[in-house]
Amino acid sequence: MATVMAATAAERAVLEEEFRWLLHDEVHAVLKQLQDILKEASLRFTLPGSGTEGPAKQENFILGSCGTDQVKGVLTLQGDALSQADVNLKMPRNNQLLHFAFREDKQWKLQQIQDARNHVSQAIYLLTSRDQSYQFKTGAEVLKLMDAVMLQLTRARNRLTTPATLTLPEIAASGLTRMFAPALPSDLLVNVYINLNKLCLTVYQLHALQPNSTKLCQQLKDKISVFSSYWSYRPF
């Protein structure tokens, strides 16, 4: 019995030593690898003039509308902003052709990219706050850190994969419609957002309903949903 107890104590001592090594050395090595990966990923969120890497690369997205020619044009994304937009629109009811582009002094910030970048930066901050000099005391402490990091990364991913659902009044109040020259007709609203690896432009045409309706306006049934070609686009 004494021999068995001694063997068990020795095995426990070995396991405890291995666990201390894991906490003090291996965990930091893995966290450093994760930190390097996230820092490389964060470079995709580089803003114009924000660092030594030079201006953010411009990416052009050619618009096409689900097999029709209702929308043609190009959107230019630079960092977290749409720097240029040139759109030709064929109205679905009367085939009227409209052309509109961003005013030269305007850019449109995409909140999705800003939010995703902030979440990635927060994940990097959490990792750097536990540098090589920090001594983890328990496995639960490591798990708590990883849960916090994964929460930020999940939020970053969700901002790019699940765009916010905006009502028409919210889109009208956003100011994007007023950035074009010539000005858009008063019955048109536009919205731009990221969905997975696509940059999307949606155009809404509004019209008044019959006087006996309790609603002021409705989304036109044949809403024009436009998706860019995304061969040059890489998910963040």
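In this predicted model, aspartate 80 is buried, with a relative accessible area of 1%. The side chain of aspartate 80 nevertheless has a charged partner, for it meets the side chain of lysine 109 in a salt bridge with an N to O distance of 3.2 Å. Aspartate 80 sits in the loop between strand S2 (68–78) and strand S3 (81–90), whereas lysine 109 belongs to strand S5 (residues 108–109), so the pair ties together parts that are 29 residues apart in sequence. Lysine 109, unlike its buried partner, is partly exposed, with a relative accessible area of 42%.

A second contact brings two helices into the picture. Aspartate 115 forms a salt bridge with arginine 159, and the closest N and O atoms of this pair are 3.0 Å apart. Because aspartate 115 lies in helix H2 (residues 111–128) and arginine 159 in helix H3 (residues 139–161), this salt bridge ties together parts that are 44 residues apart in sequence. Arginine 159 counts as buried, since its relative accessible area of 19% falls under the 20% cut-off. Elsewhere, salt bridges that share partners join Asp80, Lys109 and Arg117 into one network.

Helix H2 itself deserves a closer look. Its 18 residues should span 26 Å at 1.5 Å a residue, and this agrees with its end C-alpha atoms, which are 26 Å apart. The buried residues of H2 include Asp115 and Arg117, and among the others are Ile113, His119, Val120, Ile124 and Leu127.

The search of the whole structure finds four salt bridges, and one of them is formed by the side chains of aspartate 36 and lysine 32, at 2.9 Å from N to O. These two residues are four apart in helix H1 (residues 2–42), and are therefore separated by about one helical turn. An α-helix has 3.6 residues a turn, so residues three or four places apart point the same way. Both ends of this salt bridge are partly exposed, aspartate 36 with a relative accessible area of 36% and lysine 32 with one of 43%.

Two features of the backbone remain. Most residues other than glycine have a negative phi, and most peptide bonds are trans. Alanine 181 and proline 182, however, are joined by a cis peptide bond with an omega of about -5°, and proline 182 lies in the loop between strand S6 (180–181) and strand S7 (188–195). Leucine 196 has a positive phi of about 60° although it is not a glycine. This leucine 196 is found in the loop between S7 and strand S8 (198–207), where it is partly exposed, with a relative accessible area of 49%.

Definitions and conventions
Residues are numbered from 1 along each chain as its sequence is written. This is a predicted model: local features need pLDDT of at least 70, side-chain atom pairs count only at pLDDT 80 or more; totals for chains, interfaces and linings use all residues. Side-chain values use heavy atoms; hydrogens and water are left out. Buried means under 20% relative accessible area, exposed over 50%, partly exposed in between (1.4 Å probe, protein chains only). The expected span of a helix is 1.5 Å times one less than its number of residues.
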